[in-house]
Amino acid sequence: MTTLIFGLLSLVTLAWGWDFFHSPSLAPTSPVWLARQELMYISGLLSVALMSLVMFLATRPAWLERPLGGMDRVYRAHKWAGILAVAFAATHWLVEMSSDMLKAWVGREGRPTKERFDGLLEVMRKLGEDLGEWAIYAVLAMLLITLWKKFPYKAWSILHRSMPVLYLMLAFHTVMLMPTDYWRQPVGVLMALLLGAGIYGAVQSLRDSIGQSKQAKGSVVAIGHPAPDISTIHCQLDDRWTGHRPGQFAFVTLDDKEGAHPFTIASADRGDQSISFEIKALGDYTRGLAKRIHVGQSVRVEGPYGRFDVSRCDPNNQQIWIAGGIGVTPFIAWLESFQAQPNTAPVADLHYCTRDQTTDAFVPRLQALCATLPAVKLHIHGSQQGANLNAQALGVTPDAEIWYCGPAGLGNSLRAGLKALGLLPRFHQEAFEMR
């Protein structure tokens with residue numbers, strides 16, 4: 001993620017710098033006014049470049065899963081690119097608003113010469129300026145709502161659907177107001193490519209065609225409630241579902257008005273287009289899900305996605321698997337996948353962290369699955385029983401490989417504990433946060 005975002009920022013900055021150092025001499029221009037102009041240009045370029053990346057990543061390009069490490073990390077890049085894009089947009093707006101202050105400070109002399117246009121083009125440029133300003137206000141508001149986790153998800157998702165329109169407004173602003181000489185320079189070529197990718201993403205989103213090639217339809221065939229706050233949904237899909245690898249996730253649509261929500265697949269691939277999900281009531285959508293679903297209900301599943309895949313475990317390394325709460329679902333799929341051939345399971349320690357191991361519905365299921373897999377040793381950590389997991393209890397060796405799925409707080413605590421012990425094992429952790 002970091003490489004992608006900062007690579008893009010570096011590329012845009014280099015293209016802008018090439019134009020700056022190869023442009024005609026601006027000797028009559030005041031250094032202060034020149035600095036304002038170039039800061040306005042570079043902040044605008046970086047904002048639009050990142051926003052274009054955001055829109056393209058929203059199309060869920062599966063080919064980026066391998067280089068980025070999974071669709072969960074594609075979405076993390078989507079989120080942070082959006083945050084940085086808004087930060088640069090705010091900078092761009094503040095620099096634009098600094099004109100009156102600079103006039104009072106250094107005077108009007110030495111300002112860069114403005115490009116002059118006539119007729120329809122001037123009208124279009126004025127329209128682009130106004131659209132860009134209003135779009136910046138809107139994306140600033142969207143960022144605040146996104147970071148405010150208590151804001152209802154459903155309301156947020158409705159507002160979030162306006163992003164393609166806001167992006168198209170910003171793209172129009174860019175095309176109309178970017179210096180004309182840029183289009184003859186590398187920066188113009190680069191921005192044209194980025195705008196093309198962003199417009200593609202925006203159009204796909206507006207057409208509601210994202211992920212259609214990876215969608216399968218089916219119905220809910222069984223529903224279970226192993227715990228008051230957990231719903232088990234068994235689905236039968238059509239032939240468009242080509243199977244999945246244990247540990248992957250999918251976007252599930254049970255109601256078109258609610259849209260798609262990502263859930264980890266909690267079953268191994270049986271080759272019969274059947275699939276199961278374990279859904280915990282965590283947010284405003286999942287809390288009311290148990291009352292809304294019923295057997296026979298139609299379902300649409302898009303996927304599979306993700307690289308939290310048991311086949312990527314290196315059997316030559318010490319395997320430590322850690323699940324926290326509902327984060328146990330990918331490991332259930334892992335364990336199920338070995339049931340037909342128990343001898344293929346790697347030697348591993350599976351640690352399951354739960355609030356109360358005596359009432360947790362997943363504990364007996366894990367015990368039953370591990371009972372047939374001698375190579376997998378199960379460790380249950382119930383916090384109410386005083387069995388909290390820490391880094392020391394993992395018994396990590398220098399060649400360890402850790403696979404973690406659970407609350408971010410527990411994962412960060414274990415990472416910090418391992419670092420304090422001077423241990424830096426490979427730590428695979430799903431960044432399962434789509435907002």
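**View 1. A six-stranded open sheet in a predicted model.** Reading across this sheet, the strands run E4-E3-E6-E1-E2-E5, and the pairing is antiparallel. Look at the two edges: strand E4 (261-264) and strand E5 (274-280) each have a single partner strand, so one side of each is left without a neighbour in the sheet. Going from one strand to the next, the twist averages 40 degrees.

**View 2. Zooming in on E2 and E5.** Here strand E2 (residues 230-237) lines up with E5 in the antiparallel sense, with seven bridges between them. Which residue of E5 is the bridge partner of Cys235? That's Ile275.

**View 3. The largest nonpolar core.** This core holds 53 residues, and Val12 and Leu45 are the ones that touch the most other members. Quite a few elements chip in two or more residues: helix H1 (2-22), helix H2 (31-57), helix H4 (71-97), helix H6 (119-147), helix H8 (163-177), helix H9 (186-206) and strand E3 (249-253). H2 gives the largest share, with 11 residues. As a rule of thumb, nonpolar side chains in soluble globular proteins tend to be buried together.

**View 4. Up close with Leu45.** Leaving aside residues up to four places away in sequence, Leu45 touches Val12 and Trp16, plus Met178, Tyr182, Val187 and Met191. Val12 shows up again here, having shared the spotlight with Leu45 for touching the most other core members.

**View 5. Another core, apart from the largest one.** This one has 26 residues. Ile332, Tyr352, Leu366 and Val376 are among them.

Technical notes:
Residues numbered from 1 in each chain as written. Predicted model: local features only at pLDDT ≥ 70, side-chain atom pairs only at ≥ 80, totals over all residues. Heavy atoms only, no water. Core = buried A, V, L, I, M, F, W, Y, C linked by side-chain atoms within 4.5 Å. Buried < 20%, exposed > 50% of the residue type's maximum accessible area, 1.4 Å probe, protein only. Helix = DSSP H or I, 4+ residues; strand = E, 2+ residues; numbered from the N terminus. Contact = heavy atoms within 4.5 Å. Pairing = 2+ DSSP bridges. Axes fitted to C-alpha atoms, helices over the stretch in contact; angles between N-to-C directions.
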